[in-house]
Structure formats: C-alpha cells, structure tokens
Amino acid sequence: MPTFSTSIQLYNADEKDLLLLDNELKRDFFTTEKGNAVQKVRSSIDNFIKVRYLKEGNLLIQEVIDRVWLAGRKTGKKFTFSVIKKRN
C-alpha cells in the first residue's frame, strides 16, 4: 500500500489554526510523522507554522493533494504544501 508524505506551511497562523488543520487531516486518516515537531518560523520575511503528515492508502497522488488542499483551505489562512509518494 502506498504511503504519501506531506509538508504543510500555514502562514500567519496560530495554535487555533494548527488545531483546525490537524483535526481536518486526522478526520481523513492522516497521521503525524514520527518525531514530527511543530516548527514555528518567525522572521522579518516569513511567519509560518510547518507540520508533516503521512497518508497510507491505495490512492492517486492527486487524491492526496486534493485532501490536503481542502484541509488547508478550511483554516482560512494562506498555506503552501508538498506531497511526495514514498517508495516502499
């Protein structure tokens, strides 16, 4: 069964936004990566929270992208993400 890894950056977000994102992804059976620490980046250029999740299943990568996009959009914050299909 394929495993997908996603890295998500929420810009100008707080803990409430992170919790909403986490709930949305876990509702869709995403799990946090082992050792996944929430990374907070605050600089004069960027202010974002970065988290990583895994998704296992017989899915196309576009399906995983769509699910991450919907979860990120529900936060109402600007976000970027990447999805990678891991080799098994």
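In the predicted model, Ser 5 is in contact with Glu 33, Tyr 53, Leu 54, Ser 82, Val 83, Ile 84 and Lys 86, when its neighbours within four places in sequence are left aside. Ser 5 lies in strand 1, and its relative accessible area is 12%. Because buried residues are those under 20% relative accessible area, Ser 5 counts as buried. The side chain of Ser 5 is joined to that of Glu 33 by a polar contact of 2.7 Å.

Glu 33, the partner of Ser 5 in this polar contact, is located in the loop between strand 2 (31-32) and strand 3 (39-42). Although it belongs to a loop, Glu 33 has a relative accessibility of 14% and therefore counts as buried. A further polar contact, of 3.1 Å, links the side chain of Glu 33 with that of Arg 52. Apart from neighbours within four places in sequence, the residues in contact with Glu 33 are Ser 5, Arg 52, Tyr 53, Leu 54 and Lys 86. Tyr 53, Leu 54 and Lys 86 also appear among the contacts of Ser 5.

Attention now turns to the helices. The end C-alpha atoms of helix 1 are 18 Å apart, in agreement with the 18 Å that its 13 residues should span at 1.5 Å a residue. Its N-terminal end is capped by Asp 14, of which a side-chain oxygen lies 3.1 Å from the backbone nitrogen of Lys 16. Within helix 1, Asp 17, Leu 18, Leu 21, Asp 22, Glu 24 and Leu 25 are buried. Viewed down the helix axis, these buried residues fall within an arc of 165°, so they line one face of helix 1. The other side of the helix bears the exposed residues Lys 16, Leu 19 and Arg 27. Strand 1, strand 2, strand 4 and helix 2 are included in what covers the buried residues of helix 1. Just after this helix, Phe 29 adopts a positive phi of about 65°.

Helix 2 comprises 14 residues, 61-74, and reaches 20 Å from its first C-alpha to its last, close to the 20 Å expected at 1.5 Å a residue. Its buried residues include Val 64, Val 68, Ala 71 and Gly 72. These residues are on the same side of helix 2, because they cover an arc of only 100° around the axis. Arg 73 and Lys 74, which are exposed, are carried on the face turned away from this buried side. The buried residues of helix 2 pack against strand 1 (3-11), helix 1 (15-27), strand 4 (47-56) and strand 5 (79-86). Gly 76, just after helix 2, takes a positive phi of about 80°.

Residues from both helices also take part in the largest nonpolar core, which has 17 residues. Inside this core, the residues with the most contacts are Ile 8, Leu 21, Leu 25, Val 51, Val 64 and Val 68. Two or more residues are given to the core by each of strand 1, helix 1, strand 4, helix 2 and strand 5. Val 68, one of the buried residues of helix 2, illustrates these connections. With neighbours within four places in sequence left aside, Val 68 is in contact with Thr 6, Ile 8, Leu 25, Phe 30, Phe 81 and Val 83. Among these partners, Ile 8 and Leu 25 are themselves listed with the residues that have the most contacts inside the core.

Definitions and conventions. Residues numbered from 1 in each chain as written. Predicted model: local features only at pLDDT ≥ 70, side-chain atom pairs only at ≥ 80, totals over all residues. Heavy atoms only, no water. Helix = DSSP H or I, 4+ residues; strand = E, 2+ residues; numbered from the N terminus. Buried < 20%, exposed > 50% of the residue type's maximum accessible area, 1.4 Å probe, protein only. Polar contact = N/O pair within 3.5 Å; in protein donor to acceptor, adjacent residues only side chain to side chain. Contact = heavy atoms within 4.5 Å. Expected span 1.5 Å × (residues − 1). Arc of directions from axis to C-beta. Core = buried A, V, L, I, M, F, W, Y, C linked by side-chain atoms within 4.5 Å.
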